[in-house]
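Thanks for coming. I will go through one structure, strand by strand, and then turn to what is buried inside.

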Amino acid sequence: MKKILSSLIVVVTPFLLFAQPEKEIKPEIKHVTVFPDRAQIDHENQISLAPGKTTLRFTGLSPYIDQQSVQAKGFGDFTILSVNVQNNYLQNLEDNPEVKDIRSQIEALQQKVEDEKAGITVLEQKRSFLEANKPVLLKEAAVTADHFRVLTELFTTNMEQVTFAILKKQRQIKEYEKQISALQKQVAGRIEKQNTPSGEVTVSVSAEKQVNGRLALSYVVTNAGWYPSYDIRVDDTRKPVAISYKANVYQSTGNPWKDVKLSFSNATPWVSGTIPDLYPWFIDFYTQPQIRVRGVASYKNADAPSAAAVEEVRAEKAEMDLAPSIGPEVQKQVGETTITFDVAVPYTIPSDGKMQMVEIQRLTAPAEYKYVTLPKQSQLAYLTANITNWAELSLQSGEATLYFENAFVGKSSLNVNQMTDTLTISLGTDNSILVKREKRKDFTSKKILGSNRTEINSYLITVRNNKQNPVNITVKDQIPVSSNSSIEVQPVELSGGRLNSQTGYVTWDMEIKPGESKQLTLTYSVKYPKDRTVILE
């Protein structure tokens, strides 16, 4: 027994004597790179190390850290030995400043309630005094009628003032208590969110001598992200289009981002940058489902694969499934170009999940303005801006708020997922361009000749420019397209419009001067057997 105890002492004593010292650090956030649905947090701290090994414990971090994303980089004459991530369930995140402010408001309201209650106590005593002295006043033998009237009015007036003063204070107390209850609910909701553990990162370092240096810590957290939106302004169709590029950022990571520099990136670091493998594509004859009769298995197809062939394919597939894969490298991307916007002005983004808008770019782009109208669908003219070399603007798909001639015209969407060199932006409708489509009844007819019926439909399209400058406009309409050889469709009159015989679309491109109106005629015929029915309208 003595030998066993001695050996234990020999083992434990060195551990106690050479226990690794630990330093707790509460790092400040220096920089945040926000991705579409997460964010990278960057810290940097000055450190002072004694000779030997030291454990640096970074506390008060977000509990939503992606453990595989943690990186530590040292600047100085020391070596980083290990980096570990954990959640501390005994230490919650510090109270939000908003919670502290609400608690201060509650305390102030509670003090007001106490003051009102104290005032009610004094008034109650005054009322009791008046009621106690009322019989004494009335029993005085020398009281005349006039004196009695004065005393009665005095008593009534004082009682009335006291009673209404008490009611007023009671109502004020109810209002204060209502406000206190609402504020307490706000605090409860925020405290419930704060009952989450705090994240911790421990970095073990080693130094041969006393050294001062810096340690940079970065990691990726969830519960954060951003998406783009735009303000698109056109003051005059003779001037370039102005685009204000905005980032809508949110975060509920558990830590507020106080006065930090932000970067917005469209990168997807969580998607593997490794080029995928193309596995062999095995095909075989189709085998009908197996039919079992009285426990006996049979096949209707005599060319069914053998058991050995099936097992060979399974073995090859299993071998491919077990092939090692390379983990994703955040710094390396294979695919689309990454675009990052660095915002020079520090911002504060609270951890409340609310959207906050940050302007990240202002630009102008030369554009060719053109109106487009589809009178069959809508008798409105839509202004479009066609921007060439749009890829150089580093835009992304998102919602756009449109302003034309200093007026809000509506919402639209900016779609940059196009393979063309020209980006078309819809700028909404313009009421200064009038469009009308009406049927020409005198040129519309139905005739039967032999075994066929022929229908002729004709429409008149009128476009008027009420603006003070000429406009370019594209008018689109259509004639039907036959999907049956027994139905023949022929254009009769198109007023010079271009016809796509595959789709039936008819297009006119024209310039209209100020105050000018132009008319277009669309006429077509449809011939089909008279004993059949074709619906044209």
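Two strands count as paired here if DSSP finds at least two bridges between them. Strands themselves are DSSP runs of E with at least two residues, numbered from the N terminus. A word on the source: this is a predicted model, where local features need pLDDT of at least 70, side-chain atom pairs count only at pLDDT 80 or more, and totals for chains, interfaces and linings use all residues. Residues are numbered from 1 along each chain as its sequence is written, and side-chain values use heavy atoms, with hydrogens and water left out.

Start with β2, residues 29-35. Six bridges join β2 to β3, residues 38-49, and the two run antiparallel. The connection is a hairpin of two residues. Phenylalanine 35 in β2 has arginine 38 in β3 as its bridge partner. β2 also pairs with β11, residues 257-265, this time in the parallel sense and over four bridges. There, threonine 33 is matched with serine 263 in β11. Is β2 mostly covered or mostly open? Five of its seven residues are buried, where buried means under 20% relative accessible area with a 1.4 Å probe, protein chains only.

Next, the open sheet. Five strands lie in the order β16-β10-β9-β19-β20, with mixed pairing. β16 (356-365) and β20 (407-414) are at the edges with a single partner strand each, so one side of each has no neighbour in the sheet. Neighbouring strands are turned by 25 degrees against each other on average, direction ignored; the axes are lines fitted to C-alpha atoms, and angles run from 0 to 180 degrees between N-to-C directions. Within this sheet, β9 (224-234) and β19 (398-404) are parallel over six bridges. Tyrosine 230 faces alanine 400 in β19.

The loop between β9 and β10 (241-251) holds aspartate 236. Aspartate 236 counts as buried because its relative accessibility is 17%. A polar atom of its side chain lies 2.9 Å from the backbone nitrogen of arginine 238.

Last, the cores. A nonpolar core is a set of buried Ala, Val, Leu, Ile, Met, Phe, Trp, Tyr and Cys residues joined through side-chain atoms within 4.5 Å. The largest has 82 residues, and Trp257 and Phe264 have the most contacts inside it. Tryptophan 257 touches, among others, Ile29, Val32, Val34 and Leu262, contact being heavy atoms within 4.5 Å. A second, separate core of 14 residues includes Val99, Val113, Leu123 and Ile166.

Notes: Buried means under 20% relative accessible area, exposed over 50%, partly exposed in between (1.4 Å probe, protein chains only). A polar contact is a pair of N or O atoms within 3.5 Å; within protein, one must be able to donate a hydrogen and the other to accept it, and residues adjacent in sequence count only if both atoms are side-chain atoms. Lists of a residue's contacts leave out its neighbours within four places in sequence.
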